[in-house]
6 protein chains.
Amino acid sequence: MQISGRNKIPGKITELVVGDVMAKVVMEGPGGTELVAVITSDAAKELGLAVGKEVQALIKATEIMVIAG
Amino acid sequence: MQISGRNKIPGKITELVVGDVMAKVVMEGPGGTELVAVITSDAAKELGLAVGKEVQALIKATEIMVIAG
Amino acid sequence: MQISGRNKIPGKITELVVGDVMAKVVMEGPGGTELVAVITSDAAKELGLAVGKEVQALIKATEIMVIAG
Amino acid sequence: MQISGRNKIPGKITELVVGDVMAKVVMEGPGGTELVAVITSDAAKELGLAVGKEVQALIKATEIMVIAG
Amino acid sequence: MQISGRNKIPGKITELVVGDVMAKVVMEGPGGTELVAVITSDAAKELGLAVGKEVQALIKATEIMVIAG
Amino acid sequence: MQISGRNKIPGKITELVVGDVMAKVVMEGPGGTELVAVITSDAAKELGLAVGKEVQALIKATEIMVIAG
């Protein structure tokens, strides 16, 4: 399976909060970078997400802004 | 200045393609992770983006999907 | 600090609802325009958002649709 | 027709650049606020967009970040 | 009213969960395809969404990734 | 591989326009529904997209608005 999304960043889940509709997934990425995703709680359960699990963050290039200076 | 976006990832620009309306910005992030952003060409010019420049990728948490397995 | 996002709209917070994972931020923008953002509750707390606070809405150009007629 | 998107901002088109795939639409919104949307060139043509045309910017609440300070 | 968003998919609501800030709207689209939208709970109430209601899913082209293989 | 994105819609490519930075991918989905995605031209080439190819449209639930009436 190939996905057009240009950004796939490996990470390990360090925190998971499953809310009524949305879930917050905190991951430790390369170099200790913290990544935070918000996905549906259904998806978090379906994918069996839990602290310690190795996952990837998938991000479409058009969703990334750039900060300079 | 504080920004609500949860993800700010440092990177160095390794490639820049400025198109008619949109521009592709390729960055090398922590641990050698490749990040690709698509922003407006106006923004690329205004921010003076160029290969070698240190920037940050800014990503809203709701824009990040998670891949498991 | 320069941000590639093309849209920065000033506004004053008129309503704030901090939920389990997400928070709704209602702002009064120029000309009385109502703006509604949904950000993470963590961000709302970290930025010290509260009714009456002057902020800016930051929006990537690719996230804006146009309605005609 | 009702749309779930929370943000509908009136504006007049002040600039339009139609590229190979994407088009940049610059609008003057309330209080002289500049709004920039990037939509498909097909949409720009289909909607008959042109400088001077009154339109609305439609933005989903989840696409808006907040800047404080 | 014409909207620049390229994707308008008809569907009937099969499930609705209205949370503290966000609401999940599950729809059955053409050919039995399941569509899931997350909108603000305010929008869900304002539009009078309920199971059985015929609606459309509106999606900007830049928000769609492609999977091959 | 499991992806948190809630919407995966099968489709066959009916049109492909590869621009300087972005590419337009038109697909025929279930029931003849037309789907239009805009991805990077790099991704279109990498995935070997071409008219007639069977693919899936991947859409995060938070990117879908709902239209009623």
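Two strands count as paired here if DSSP finds at least two bridges between them. That rule is handy for reading this predicted model, where strands from separate chains meet. Take strand 5 (residues 54-59) of chain C and strand 6 (residues 64-68) of chain D: they run antiparallel to each other and are joined by five bridges. Within this pairing, C:Ile59 has D:Ile64 as its bridge partner in strand 6 of chain D. In general, the strands of a sheet are held to one another by backbone hydrogen bonds, in either a parallel or an antiparallel sense.

The C–D pairing belongs to a wider arrangement. Six strands make up an open sheet, ordered 1(B)-6(D)-5(C)-2(C)-3(C)-4(C), and the pairing is antiparallel. At its edges sit strand 1 (2-3) of chain B and strand 4 (34-40) of chain C, each of which pairs on one side only.

Chain A and chain E also share a strand pairing. Strand 1 of chain A lines up antiparallel with strand 6 (residues 64-68) of chain E, this time over two bridges. Here A:Ile3 finds its bridge partner in E:Ile67, which lies in strand 6 of chain E.

What does the rest of the contact between these two chains look like? Chain A puts in 15 residues, and chain E puts in 15 residues as well. Together the two chains bury about 1200 Å² between them, with carbon and sulfur atoms giving 61% of that area. On the chain A side, A:Asp20, A:Val21 and A:Lys60 lose the most area to chain E, and together they make up 39% of what that side buries.

Polar links turn up too. Six residue pairs are in polar contact between chain A and chain E, counting pairs with both residues at pLDDT 80 or more. One salt bridge is found across the interface: A:Asp42 joins with E:Lys24, and their closest N and O atoms are 2.5 Å apart. As for where the touching residues of chain A come from, strand 1 (2-3) and strand 5 (54-59) of chain A are the elements that give two or more residues to the side facing chain E. By residue type, that side of chain A splits into six nonpolar, five polar and four charged residues.

Finally, there is the annotation. An unreviewed UniProt entry lists residues 2-68 of chain A as "domain: Mop". Over that stretch, chain A is 57% strand and 9% helix, and the C-alpha atoms at its ends lie 31 Å apart.

Key:
Residues numbered from 1 in each chain as written. Chains lettered and ligands numbered in written order. Predicted model: local features only at pLDDT ≥ 70, side-chain atom pairs only at ≥ 80, totals over all residues. Heavy atoms only, no water. UniProt positions renumbered as here; feature names shortened; annotations may be inferred. Helix = DSSP H or I, 4+ residues; strand = E, 2+ residues; numbered from the N terminus. Contact = heavy atoms within 4.5 Å. Buried area = accessible area lost by both parts, 1.4 Å probe. Salt bridge = Lys/Arg side-chain N within 4 Å of Asp/Glu carboxyl O. Polar contact = N/O pair within 3.5 Å; in protein donor to acceptor, adjacent residues only side chain to side chain. Nonpolar A, V, L, I, M, F, W, Y, C, P; charged D, E, K, R; others polar.
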